[in-house]
Amino acid sequence: MNEQEKRRRSDRPVKKKKSGTLTAPKKLKLLFTVVDRKKAEFFSDLIGQFKVNLQILLPGEGTAKTETLRLLGLDDAARAVIVSVIRDDLAQSIFETLEEKFDTVRGGKGIAWSVPLSGAVGVAIYQFLSDYREGQIEPARKNERGTNV
Amino acid sequence: MTFSHECIVCIVNTGFSDAVMDAAREFGARGGTVIHGRGTASREAERFFGISITPDKELVLILVPHDLTDQILHALYRAVGLKTPGQGIAFSLPVDQVVGLSTLTFDGDGTGKPTDGSLPEPTEKD
């Protein structure tokens, strides 16, 4: 590299680094949420706030144990099963939110569990399921000293 | 890797979900959820094996502690297996996280407690 070339390169404006870090692909999980059918939409919306792009809502029924209650029609067995594809890194927040709502919402008792997903075919499908948007960079996390990690 | 709970999925002919739950309860399952579905079987295979598959199916989801899974799967095989009128298949999925076990009303009595008078099983939260 001659002197002229070196000077030309040093005169170039230095590009500022973007404040963020590129991250590895997110693992996915399948979340099953069983709730009263009347509350299905509420819980579906709640889960939808956590970057969830695919949810399937299935009408189901609880398995009432007491035959008498069933005969009298006193058991409201109508349930909804919400199947959602969630990101592993958001699972903890989703579970905490669901647990809080199960305890506090009137008639919102339910159960939720997750099953790990081992594969998905197609890059576009994966990007859709994990809500990965082109060019999106995760905000940098800072440690105690305030420097990026 | 072992998980604390497993999700048993049992697919049976319509009308056999009660038989599924009876068999599962015998070995400690507390409740389940039934979803209605429609099976798709190969017509050629049906003709070859000389059997007819009822297309209307019930899919029963049962969340159970890991140590009960094998016993319940065997019970389901005996009660509603492929060689029974229920023509059921059952398998289990690993569950890595679960919430709401202590609050869910499995039994329809509105209390969320077992109706047989026994104390609820302790959960991780307790």
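A nonpolar core is a set of buried Ala, Val, Leu, Ile, Met, Phe, Trp, Tyr and Cys residues joined through C-beta atoms within 7 Å, where a residue is buried if 20 or more other C-beta atoms, placed from the backbone, lie within 10 Å of its own. The structure is a predicted model, in which local features need pLDDT of at least 70 and side-chain atom pairs count only at pLDDT 80 or more, while totals for chains, interfaces and linings use all residues. Residues are numbered from 1 along each chain as its sequence is written, and chains are lettered from A in the order in which they are written.

**Exercise 1. The two chains**

Task: State how many helices and strands chain A and chain B have.

Solution: Helices (H or I, at least four residues) and strands (E, at least two) are DSSP runs, numbered from the N terminus. Chain A has 5 helices and 6 strands, and along its sequence these follow the pattern α-β-β-α-β-α-β-α-β-α-β. Chain B has 3 helices and 5 strands, arranged along the sequence as β-α-β-α-β-α-β-β. As for burial, 25% of the 149 residues of chain A count as buried, and in chain B the share is 38% of 126 residues.

**Exercise 2. The sheet**

Task: Find the order of the strands in the open sheet of 9 strands, and then its edge strands.

Solution: Two strands pair if DSSP finds at least two bridges between them. The order is β4(B)-β1(B)-β3(B)-β2(B)-β3(A)-β4(A)-β2(A)-β5(A)-β5(B), with antiparallel pairing. The edge strands are β4 (89-95) and β5 (97-99) of chain B, each of which pairs on one side only. From one strand to the next the twist averages 25 degrees, with axes being lines fitted to C-alpha atoms (for helices over the stretch in contact) and angles running from 0 to 180 degrees between N-to-C directions. Within the sheet, β2 (residues 28-36) and β5 (residues 110-116) of chain A pair in the antiparallel sense over 7 bridges, and A:L31 stands opposite A:S114 in β5(A).

**Exercise 3. Helix α1 of chain B**

Task: List the buried residues of helix α1 (residues 17-26) of chain B, and say what they pack against.

Solution: The buried residues of this helix are B:S17, B:A19, B:V20, B:M21, B:A23 and B:A24. They pack against β1 (5-13), β2 (32-38), β3 (56-65) and α3 of chain B, where two residues are in contact if their C-beta atoms lie within 7 Å. The axes of α1(B) and α3(B) come within 9 Å and cross at roughly 140 degrees. In this contact B:A19, B:V20, B:A23, B:A24 and B:E26 of α1(B) meet B:I72, B:A75, B:L76, B:A79 and B:V80 of α3(B). The residues of the contact divide into 9 nonpolar, no polar and 1 charged. After α1(B) comes B:G28, whose phi is positive, near 105 degrees.

**Exercise 4. The core**

Task: Name the residues with the most contacts inside the largest nonpolar core, and the helix that gives this core its largest share.

Solution: The largest nonpolar core has 50 residues, and B:V20, B:A24 and B:L76 have the most contacts inside it. Its largest share, 6 residues, comes from helix α3 (residues 69-80) of chain B. Leaving aside neighbours within four places in sequence, B:V20 is in contact with B:C10, B:V12, B:V60, B:L76, B:V80 and B:G88. In soluble globular proteins, nonpolar side chains tend to be buried together.

Conventions: Buried ≥ 20, exposed ≤ 12 C-beta atoms within 10 Å, placed from the backbone. Nonpolar A, V, L, I, M, F, W, Y, C, P; charged D, E, K, R; others polar.
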